[in-house]
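Reader: I would like a close look at one helix of this model. Please describe how it sits in the rest of the chain, and keep to what the coordinates support.

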Amino acid sequence: MAPKTDRRTQHSGETRRRILRAAADIAAERGYDGTSVALVTKRSGLPASSVYWHFGSKDDLLAAVIEHSYTEWLPARPRWAPPEPGTDRIEYLRGWLREAGQSFADRPVFMRLGLMLLLERRAEEPAARARFQQIRAEMLAAMGDWWAAVLPDEVAERRPELPRLLAQLNMAASDGLYAMSAGDPSIDMNALQDLLATALDAVADRIARETTADTPADT
């Protein structure tokens, strides 16, 4: 027979998961402002006291929703690993963007809710928005490290800000594709992702050529 403490822990964990699932569903439908503890209690079938016991406030609950959704998405995310020697950069980008698009096919709540929060300005910074910004910073850093690894050494030395700029361009364009696909599921995401990969590679190549062309000749 399992100890009572183990059963209580399991029950507490299941209660927390039920609350998170209910809050995630409501947030996906109604956004941050449209989500309330009352709706969560109704959807989950649990009392408000359980919500406050586990999360303290609506804002802390939605921060936990973003964290939980992000953690569930992590195994499906494409990795920004430096390509193997001889790998074509543009083909790597195409593959990565397609994988990224596929991983977001189910519209992870952290992405949907997080992007909505980024567009809002509040007197008090929501914990949910702050957590999404942390996630974005982690993703941006990984992209920047990849660009730093694939750019020619001379370019990276002369334009140290370039890897981050390319990562920001990549993220901004990917955000646009995500929003566009949410509004029109009939669009050809693979074709758009391939075009984006071509554009990113062309931008990087153009800047690299301009940078090396500006290098003073040895005297």
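Author: What follows starts with helix 10, then turns to the whole chain, its nonpolar core and the annotated segments.

The model is predicted. Helix 10 runs over residues 189-213. Its 25 residues, at 1.5 Å each, should span 36 Å, and the distance between its end C-alpha atoms is 36 Å, so the expected and computed lengths agree. At the N-terminal end, Asp-188 acts as a cap, with a side-chain oxygen 3.3 Å from the backbone nitrogen of Asn-190.

Which residues of helix 10 are buried? They are Gln-193, Leu-196, Ala-197, Leu-200, Asp-201, Ala-204, Ile-207, Ala-208 and Thr-211. Buried here means under 20% relative accessible area. The cover over these residues includes helix 5 (89-103) and helix 7 (127-150), along with helix 8 (153-158) and helix 9 (162-183).

As for the setting of this helix, the protein has 10 helices and 0 strands. Its pattern along the sequence is accordingly written α-α-α-α-α-α-α-α-α-α. Of the 219 residues, 38% count as buried. Contacts between residues at least 6 apart in sequence join residues at least 24 apart in 66% of cases.

The overall dimensions can be set against a simple reference. The radius of gyration is 22 Å, whereas a compact globule of 219 residues would have one near 17 Å. Along the principal axes, the C-alpha atoms fill a box of roughly 80 × 40 × 35 Å.

The next point is the nonpolar interior. In soluble globular proteins, nonpolar side chains tend to be buried together. In this model the largest nonpolar core has 56 residues, and those that touch the most other members are Val-40, Leu-61, Val-65, Ile-66, Phe-110, Leu-113 and Trp-147. Leaving aside residues up to four places away in sequence, Leu-61 touches Ile-19, Leu-20, Ala-23, Val-40, Val-51 and Phe-55.

Two annotations come from an unreviewed UniProt entry. One, "domain: HTH tetR-type", covers residues 13-73. Over that range the chain is 89% helix and 0% strand, with its end C-alpha atoms 20 Å apart. The other, "DNA-binding region", is listed by UniProt for residues 36-55. Over residues 36-55 the chain is 80% helix and 0% strand, and the end C-alpha atoms lie 13 Å apart.

Terms used: Residues numbered from 1 in each chain as written. Predicted model: local features only at pLDDT ≥ 70, side-chain atom pairs only at ≥ 80, totals over all residues. Heavy atoms only, no water. Core = buried A, V, L, I, M, F, W, Y, C linked by side-chain atoms within 4.5 Å. Buried < 20%, exposed > 50% of the residue type's maximum accessible area, 1.4 Å probe, protein only. Contact = heavy atoms within 4.5 Å. UniProt positions renumbered as here; feature names shortened; annotations may be inferred. Helix = DSSP H or I, 4+ residues; strand = E, 2+ residues; numbered from the N terminus. Expected span 1.5 Å × (residues − 1). Polar contact = N/O pair within 3.5 Å; in protein donor to acceptor, adjacent residues only side chain to side chain. Rg over C-alpha atoms; globule rule 2.2 N^0.38 Å.
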